[in-house]
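Q: I am new to this structure and would like a close look at a single part of it. Please take one helix and walk me through what lies along it and around it.

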Amino acid sequence: MRDYGFFAEPDDPRAALLLEAGQHWAADTLPVTEEAFDRFLVAAGSLAPDDIPAAHRAAPPPQRIIQVTETVTVRGASFSFVAEYLGMEEIEKAGTVLGYDDGTPVVTPYNNCILIMPSRRLSAGQTAVRLGRVVDG
């Protein structure tokens, strides 16, 4: 919904939220989505806690805030990762090679770099991966 133009219009009162709950094809994405949506509806006052499954009322696991610091965009005709990244991998050392864009190494810019949503569709102009770091809440 956030991609529809009117959500970006400053004078339009409509708002959109994006819930990232996992890979589109992963079996565990649906239960994560359902729990997150239930918790959101309770927090927004749209549902009472007793209206959602008991398992969704339990204290959630500790959360980390990850700030996206940059987007790696495919520039050349050939991009490949050096490993099969699924997302949320934390790369310990700055300068670690993540992949190659037309032979040019793509490296982590800082220590403890987190890979966010690496793509499997790697074509020029598209996002290959987003890079992030944990920040204090």
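A: What follows is a description of helix H1, and then of the salt bridges in and beyond it.

The model is a predicted one, and in it helix H1 covers residues 29–43. This helix has 15 residues and reaches 21 Å from its first C-alpha to its last, which is close to the 21 Å expected at 1.5 Å a residue. The buried residues of H1 are Thr29, Asp38 and Leu41. Seen down the axis of H1, these buried residues fall within an arc of 160 degrees, so they line one face of the helix. Their cover includes helix H2, which is made of residues 54–57. Just after H1, glycine 45 takes a positive phi of about 85 degrees.

Other residues of the helix are open to the surroundings in part. Phenylalanine 40, which has its place in H1, counts as partly exposed because its relative accessibility is 40%, and buried would mean under 20%. Together with Leu17, Leu19 and Phe37, Phe40 makes a nonpolar surface patch of about 420 Å².

The helix also carries a pair of charged side chains. Side chains of opposite charge can pair when their charged atoms come close. In H1, the side chains of glutamate 35 and arginine 39 meet in a salt bridge, with a distance of 2.9 Å from N to O. These two residues are 4 residues apart in the helix, and so they are separated by about one helical turn. Both partners are partly exposed, glutamate 35 with a relative accessible area of 26% and arginine 39 with a relative accessible area of 23%.

This pair belongs to a wider set, since the structure holds 5 salt bridges. One of them joins aspartate 12 to arginine 14, the closest N and O atoms being 2.8 Å apart, and arginine 14 counts as partly exposed at 45% relative accessibility. Another is formed by arginine 64 and glutamate 90, whose closest N and O atoms are 3.3 Å apart. That pair links distant parts of the chain, for arginine 64 lies in the loop between H2 and strand E1 (65–73), while glutamate 90 lies in strand E3 (residues 90–91), and the two are 26 residues apart. Arginine 64 counts as partly exposed at 44% relative accessibility, and glutamate 90 is likewise partly exposed, with a relative accessible area of 41%.

Note on methods:
Residues numbered from 1 in each chain as written. Predicted model: local features only at pLDDT ≥ 70, side-chain atom pairs only at ≥ 80, totals over all residues. Heavy atoms only, no water. Patch = residues over 30% accessible without salt bridge, like charges linked within 9 Å, V, L, I, M, F, W, Y side chains within 5 Å. Areas by Shrake-Rupley, 256 points an atom, 1.4 Å probe, with all protein chains shown as cover. Salt bridge = Lys/Arg side-chain N within 4 Å of Asp/Glu carboxyl O. Buried < 20%, exposed > 50% of the residue type's maximum accessible area, 1.4 Å probe, protein only. Expected span 1.5 Å × (residues − 1). Arc of directions from axis to C-beta. Contact = heavy atoms within 4.5 Å.
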